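Subject: Handing over the structure

Hello,

I am passing this structure on to you. Please open it alongside this email, and then read on for what was found.

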Amino acid sequence: MSKTTIPKGGITADAIDATLIADNAISEEHLDATAITASTELAATPADTDEILISDAGTLKRIDFSHLDASKFKQVATLNVTSDQGALTFASCFTSTYKNYFVVFSDLKVATNGADVNMLFHYGDSNGNDSTNHNYSFLRRYPSTTAGANEGNANDIKFLQAQKSGAGRFAHGTMYVFNPLSTTDGITAGTILSNGNTNDGTGAQMTVLSFNMPESGSNSAYTGFQFSASSGDIQGQITVYGIVNPS
Amino acid sequence: MTTIATPNGIREMTAQEQANYDARQKRWADASASRKLARIKFLRKERLEATDYMANSDVTMPDYIKTWRQTLRDLPQNNTTESQYDTLLEQNADDSLKHSIWTQPTE
């Protein structure tokens, strides 16, 4: 059977629609990179329900972005202030979405030289509802010595002692919070690792601290927390991540 | 009114937050003298421990070290006011302690 050549000029632009292209006929040689580069840029993290094309053992399928996001730490709240504040506070960052949380704090600065840096929990989604009983043990390394102690039913958790104020004096660290919403299935607890410039002599201090909350369950669940200085104000950056529950 | 930082920005404290903040400032101020005394005892402990080895039977502790250690032990009873605590804890510009009692004598 003879074939008829149809000259390119004999086909009207956009005349070939989807019904005239054979199934499975579009291969890579017919696909130009502009299919991607000329498309509108999303310029943001895809939503969980955004879709991507994938070859599943040779069969094209669509997949939700949520299945590709392997990160196990999800940012739930953050703040960054470079002016002195009475406290750095998160009233309701803990929710039922995650059981455990990871907190990164950096560039903490106290306004009062020698003030401690403290943490306490909020309950009832209110910054004003503060936890008042805290049990913790710590090991603190000063420039030349090591000190350790236990505190029971303290007003708050002191994770840096006698922090030095002034330019270039910062505190950094991380905190895990386990089970903050617990009222029946175990106590709220956590760990804090911190470094700072101490006012107790020259150099740096390092603190390793573990805490639990004896009042867990007697108050409502802990919904947030607060960093503050034992005297005067504080500034810094804090980000809270929810740790994805095991599947 | 004191301000407070939240993920949604900076705002003035509520009355309850301000009361908590004020209570914190008062606790700190009320504990000022005891905090300084604790600091003095900590510094004293550091220095006593650093020279404890001289009390071993195979070491002879010099008299000037004995005198210094006794002076350290007597610090709380010989310094009882917050002003005296401040003098003991005064720091140089490089954060080192200014008072000579904190420096181990050499003879």
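**Salt bridges in chain B**

B:E90 and B:K98 are partners in a salt bridge, with 3.3 Å between the closest N and O atoms. One thing to keep in mind from the start: this is a predicted model. B:E90 has a relative accessible area of 38%, so it is partly exposed. B:K98 is partly exposed as well, because its relative accessible area is 45%.

Three other residues form a network. Salt bridges with shared partners tie B:K36, B:E82 and B:D86 together. Look at one pair in that group. The side chains of B:D86 and B:K36 form a salt bridge, at 2.7 Å from N to O. This pair connects distant parts of the chain. B:D86 is in helix α5 of chain B (residues 82-89), while B:K36 is in helix α2 of chain B, and 50 residues separate them. As for exposure, B:D86 has 37% relative accessibility, so it counts as partly exposed.

Now go to B:R47. Its salt bridge partner is B:E46, and the closest N and O atoms are 3.3 Å apart. Are these two residues buried or exposed? B:R47 counts as buried because its relative accessibility is 16%, under the 20% cut-off. B:E46 has 17%, so it is buried too.

Over all chains, the rule gives 12 salt bridges.

**Where the chains meet**

How many salt bridges run between chain B and chain A? The count there is zero. Polar contacts do cross the interface: 13 residue pairs of chain B and chain A are found, with both residues at pLDDT 80 or more.

Four elements of chain B each bring at least two residues to the side that touches chain A. They are β1 (3-6), β2 (9-12), α1 (15-30) and α2 (32-51). Which of them gives the largest share? That is α1(B), with eight residues. By class, this side of chain B is made up of eight nonpolar, eight polar and eight charged residues.

In terms of contact, 24 residues of chain B meet 37 residues of chain A. The area buried between the two chains is about 2200 Å². Carbon and sulfur atoms account for 48% of that area. Within chain B, the residues that lose the most area to chain A are B:R24, B:W28 and B:D95. Together they make up 27% of what that side buries.

**Nonpolar cores**

The largest nonpolar core has 38 residues. Which members touch the most others? They are A:M119, A:F159, A:F211, A:F225 and A:F227. Strand β5 of chain A (residues 100-110) contributes the most to this core, namely five residues. Another core lies apart from it and has 16 residues. Its members include B:L37, B:M54, B:M61 and B:L89.

**The loop between β10 and β11 of chain A**

Two residues in this loop deserve a look.

Start with A:L181. It sits in the loop between β10 (171-178) and β11 (189-197) of chain A. At 28% relative accessibility it is above the 20% limit for buried and below the 50% limit for exposed, so it counts as partly exposed. What does A:L181 touch, leaving out residues up to four places away in sequence? The list is A:F94, A:T95, A:S96, A:A221, A:Y222 and A:T223. Take A:F94 from that list. A:L181 and A:F94 are 87 residues apart in sequence, yet their C-alpha atoms are 7.1 Å apart in space.

The other is A:N179, which lies in the loop between β10 and β11 of chain A. A:N179 counts as buried because its relative accessibility is 10%. Its phi is near 65 degrees, a positive value in a residue that is not glycine.

**Positive phi values**

Why point out the sign of phi? Most residues other than glycine have a negative phi. A:A43 is another residue to check here: its phi is positive, about 60 degrees, and it is not a glycine. You will find A:A43 in the loop between α1 (34-37) and β1 (51-56) of chain A. Its relative accessibility is 63%, so A:A43 counts as exposed. By contrast, A:N179 is buried, at 10%.

Best wishes

Technical notes: Residues numbered from 1 in each chain as written. Chains lettered and ligands numbered in written order. Predicted model: local features only at pLDDT ≥ 70, side-chain atom pairs only at ≥ 80, totals over all residues. Heavy atoms only, no water. Core = buried A, V, L, I, M, F, W, Y, C linked by side-chain atoms within 4.5 Å. Buried < 20%, exposed > 50% of the residue type's maximum accessible area, 1.4 Å probe, protein only. Contact = heavy atoms within 4.5 Å. Buried area = accessible area lost by both parts, 1.4 Å probe. Salt bridge = Lys/Arg side-chain N within 4 Å of Asp/Glu carboxyl O. Polar contact = N/O pair within 3.5 Å; in protein donor to acceptor, adjacent residues only side chain to side chain. Nonpolar A, V, L, I, M, F, W, Y, C, P; charged D, E, K, R; others polar.
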